[in-house]
Amino acid sequence: EQVRLDGAGGAGVEAEVLDREYYGHDQTLLVALASGARLRVRAVGDREVPPGARVRLAASGPVVGWPAG
């Protein structure tokens, strides 16, 4: 929830949305960074972000990360 999504050209790291799960008030996105790394991001569900969309990810406060597994 501390990860902010911006459109292409916004602040942050560029990523491509691979998958999206929508829960109403929030959503999780599987994104691929230019490096090939994949992240699962939990974000506010205020707008639809379809697979294939280019977004920019920026942190807004402390972020907690877990290893894939």
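**Figure 1. Strand 3 is covered on both of its faces in this predicted model.** On one side of the strand lie Asp 26, Thr 28, Leu 30 and Ala 32, on the other Gln 27, Leu 29, Val 31 and Leu 33, and all of these residues are buried. In a regular strand, side chains alternate between the two faces of the sheet. Because 8 of the 8 residues of strand 3 are buried, the strand is largely enclosed by the rest of the structure.

**Figure 2. Strand 3 pairs with strand 2 in an antiparallel hairpin.** The two strands are joined by 7 bridges, and within this pairing Val 17 has Val 31 of strand 3 as its bridge partner. The hairpin leaves 3 residues between strand 2 and strand 3, and in its turn Gly 24 adopts a positive phi of about 95 degrees.

**Figure 3. Strand 3 also pairs with strand 4, again in an antiparallel hairpin.** Here 7 bridges connect residues 26–33 of strand 3 with residues 38–44 of strand 4. Thr 28 stands opposite Arg 42 of strand 4, while Ala 32 stands opposite Arg 38 of that strand. In this hairpin 4 residues separate the two strands, and Gly 36, in the turn, has a positive phi of about 100 degrees.

**Figure 4. Surroundings of Thr 28, a residue of strand 3.** Thr 28 has a relative accessible area of 15%, which is under the 20% limit, and therefore counts as buried. Leaving aside residues up to four places away in sequence, Thr 28 touches Asp 19, Arg 20, Glu 21 and Tyr 23, as well as Arg 40, Val 41 and Arg 42.

**Figure 5. Surroundings of Glu 21, a residue of strand 2.** With a relative accessibility of 36%, Glu 21 counts as partly exposed. Glu 21 touches Gln 27, Thr 28 and Arg 40 when residues up to four places away in sequence are not counted. Glu 21 and Gly 45 are 24 residues apart along the chain, and their C-alpha atoms are separated by 9.6 Å.

**Figure 6. The largest nonpolar core contains 12 residues.** Its members are Leu 5, Ala 15, Val 17, Leu 29, Val 31, Leu 33, Val 41, Ala 43, Val 49, Ala 53, Val 55 and Leu 57. Two or more residues of this core come from each of strand 2 (13–22), strand 3, strand 4 and strand 5 (54–59), and strand 3 supplies the largest share, 3 residues. Ala 43, one of the core residues, touches Val 3, Leu 5, Asp 26 and Gln 27, not counting residues up to four places away in sequence.

**Figure 7. The protein chain as context for the close-up views, with 5 strands and 0 helices.** Along the sequence the protein chain follows the pattern β-β-β-β-β, and 30% of its 69 residues count as buried. The radius of gyration is 11 Å, which agrees with the value near 11 Å for a compact globule of 69 residues, and the C-alpha atoms fill a box of roughly 30 × 25 × 25 Å along the principal axes. Among contacts between residues at least 6 apart in sequence, 52% join residues at least 24 apart. The protein chain exposes about 4,500 Å², of which carbon and sulfur atoms supply 53%.

**Figure 8. Confidence of the prediction along the protein chain.** The chain averages a pLDDT of 84, and 91% of the residues score at least 70. Confidence is highest in strand 2, at a mean of 93, and lowest in strand 1 (residues 3–7), at 73. Where pLDDT is low, the predicted coordinates should not be read in detail.

Conventions:
Residues are numbered from 1 along each chain as its sequence is written. This is a predicted model: local features need pLDDT of at least 70, side-chain atom pairs count only at pLDDT 80 or more; totals for chains, interfaces and linings use all residues. Side-chain values use heavy atoms; hydrogens and water are left out. Two strands pair if DSSP finds at least two bridges between them. Buried means under 20% relative accessible area, exposed over 50%, partly exposed in between (1.4 Å probe, protein chains only). Contact means heavy atoms within 4.5 Å. A nonpolar core is a set of buried Ala, Val, Leu, Ile, Met, Phe, Trp, Tyr and Cys residues joined through side-chain atoms within 4.5 Å. pLDDT is the predictor's confidence in each residue, from 0 to 100. The radius of gyration is taken over C-alpha atoms; the globule rule is 2.2 Å times the number of residues to the power 0.38. Accessible areas come from the Shrake-Rupley method with a 1.4 Å probe; for residues, only the protein chains shown count as cover.
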